[in-house]
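User: Hello! I am new to this structure and would like to walk through it with you. Could you show it to me before we begin?

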Amino acid sequence: MDQAKNWEEFREACSYSHIPGENMVWADKAGNIGWQAVGIAPIRPHWSGLVPIPGDGRYEWEGYLPIKAKPHVCNPKSGIKITANENQVPDDYPYRNAVSYSWADPYRADRIAEVLNTGKKHSLMDMAQLQTDYLSIPARNLVPLLKGLEMNNKQVTQTRDILLNWDYKLEVNSVAAAIYVAWEKQLKESMYRLMVPEEVRDYISYLPMANVVNWLVSPVPEMGDDPVAMRDQLLISSLEESVNELNQRLGNNMDDWQYGQEDYKHILFRHPLSAAVNAQTRDKLDVGPYPRGGNGYTVGSTGGNDNQSSGASFRLIVDTGSWDAALGSNTPGQSGDPDSPYYKNLFEQWAQDRYFPVYYNREKIEKVAKEVMRLLP
């Protein structure tokens with residue numbers, strides 16, 4: 001794949017990428033762009049693959065779908081290709097049962113499209129800001145629903161007003177972000193209890209955020225005889241519960257309710273051996289903690305609850321017309337040896353959403369090299 005000289009060679013290389021399922025993207029210095037889904041997928045002629053089926057011979061696979069037959073696109077009319085794990089399968093795709101039905105919520109892709117389709121030309125630094133963008137589209141949809149609602153408590157009223165005057169960005173030092181994320185969590189739990197019958201909760205463990213947002217913005221009959229009143233009461237009670245939680249976790253001073261902190265949103269890399277060693281060794285192996293912003297629905301994805309457990313550990317921004325202008329970020333470091341100065345030297349820069357130059361020209365690489373390692377047989 002790295003040696004492909006054109007789109008066709010790239011797609012041929014993609015046909016060898018069997019596991020895992022991934023989005024592979026192509027860009028060249030002539031301005032061509034493309035996307036190819038990869039990963040082996042069984043052809044299921046008679047069922048969706050969403051539920052277990054009996055092994056009596058009626059539901060056998062008919063081989064595997066060739067990877068080049070999976071969804072792909074070259075030079076889309078928009079001039080932009082976005083992949084953020086959202087559903088990209090066309091409605092008329094003939095092998096839908098082979099590529100599944102479960103996807104990430106659309107918000108990260110929607111935000112990327114929102115920024116890229118403004119009509120302006122974007123620089124490398126614009127791309128860096130976009131990769132680490134913390135605007136929450138769910139927040140932008142949900143917070144306005146609080147307008148005009150009466151709260152029973154002065155502090156809860158304060159939190160409502162803070163949210164209504166917020167820019168919807170889950171920034172590290174934001175009190176509003178701390179309030180919103182706690183509220184969002186309570187809303188999801190409340191909607192789960194309301195919408196998922198108790199007898200199936202062993203099989204349905206969560207609700208997609210898009211469902212929660214849609215049901216709250218446009219209340220559904222399952223919310224009772226007066227769905228709007230039920231929705232409003234749920235918004236209020238969930239905010240009250242989130243305020244109680246924040247008081248217990250972060251104290252009664254709301255100025256201390258900043259989102260990015262060790263007691264709330266942060267990143268701590270725990271070494272696989274961390275629990276098996278003494279405290280002194282653990283301090284050498286573990287990296288962090290450090291404050292983080294965002295969540296799993298922001299372009300700068302920091303999934304997980306308090307400790308970030310998913311997201312991009314490595315990022316790259318490339319101008320294919322000028323490779324040495326590339327920018328990158330990585331964490332925690334290039335070495336796996338905890339005694340090496342390069343074990344975690346990239347961590348803080350990454351956690352602060354900063355980038356470093358990535359050179360391709362040998363002369364530039366040698367100028368900035370810190371160490372040369374020669375491996376001889």
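User: Thanks! To start, is Asp133 buried or exposed?

Analyst: Happy to help, and first a note on the source: this is a predicted model, in which local features need pLDDT of at least 70 and side-chain atom pairs count only at pLDDT 80 or more, while totals for chains, interfaces and linings use all residues. Residues are numbered from 1 along each chain as its sequence is written, and side-chain values use heavy atoms, with hydrogens and water left out. Buried means under 20% relative accessible area, exposed over 50% and partly exposed in between, with a 1.4 Å probe and protein chains only. Asp133 has a relative accessibility of 11%, so this residue counts as buried.

User: Which residue forms a salt bridge with Asp133?

Analyst: A salt bridge here is a side-chain nitrogen of Lys or Arg within 4 Å of a carboxyl oxygen of Asp or Glu. For Asp133, the closest N and O atoms of the pair are 3.0 Å apart. The partner lies in helix α3 and Asp133 in the loop between α4 and α5, so the bridge ties together parts that are 22 residues apart in sequence; helices (DSSP runs of H or I, at least four residues) and strands (runs of E, at least two) are numbered from the N terminus. The partner of Asp133 is Arg111.

User: Which residues are linked with Arg111 in a network of salt bridges?

Analyst: Arg111 is itself buried, at 13% relative accessibility. The salt bridges around Arg111 join up into a network. Its other members are Glu114, Asp133 and Arg140.

User: How many residues apart are Glu12 and Lys68, which meet in a salt bridge?

Analyst: The side chains of Glu12 and Lys68 come to 3.0 Å, N to O. Glu12 is partly exposed at 37% relative accessibility, and Lys68 is partly exposed at 33%. Glu12 sits in helix α1, Lys68 in the loop between β2 and β3, and their separation along the chain is 56 residues.

User: What is the phi of Asp353 near?

Analyst: Asp353 is in the loop between α11 and β8, and its side chain forms a salt bridge with that of Arg292 (3.2 Å, N to O). Both residues are buried. Most residues other than glycine have a negative phi, and most peptide bonds are trans. The phi of Asp353 is positive, near 60°.

User: Where is the cis peptide bond of Pro332, and what is its omega?

Analyst: Pro332 lies in the loop between β7 and α11. A cis peptide bond joins Thr331 to Pro332, and omega is about -5°.

User: What is the strand order of the open sheet of three strands?

Analyst: Strands of a sheet pair through backbone hydrogen bonds, either parallel or antiparallel. In this sheet the pairing is antiparallel, where two strands pair if DSSP finds at least two bridges between them. β6 and β8 stand at the edges with a single partner strand each, so one side of each has no neighbour in the sheet. The order is β6-β7-β8.

User: Which helix packs on this sheet?

Analyst: The helix touches β6 and β7, contact meaning heavy atoms within 4.5 Å. Its direction makes about 155° with that of β6; axes are lines fitted to C-alpha atoms, for helices over the stretch in contact, and angles run from 0 to 180 degrees between N-to-C directions. The helix is α4.

User: Which helix gives the largest share of the largest nonpolar core?

Analyst: A nonpolar core is a set of buried Ala, Val, Leu, Ile, Met, Phe, Trp, Tyr and Cys residues joined through side-chain atoms within 4.5 Å. The largest one has 49 residues, and those with the most contacts inside it include Tyr180 and Trp183. Helices α5, α6, α7, α8 and α9 each supply at least two of its residues. The largest share, twelve residues, comes from α7.

User: Within what arc do the buried residues of α8 fall?

Analyst: The buried residues of α8 are Met209, Ala210, Val212, Val213 and Leu216. What covers them includes α3, α5, α7 and α9. The arc is that of the directions from the helix axis to the C-beta atoms. These residues line one face of the helix, because they fall within an arc of 160°.
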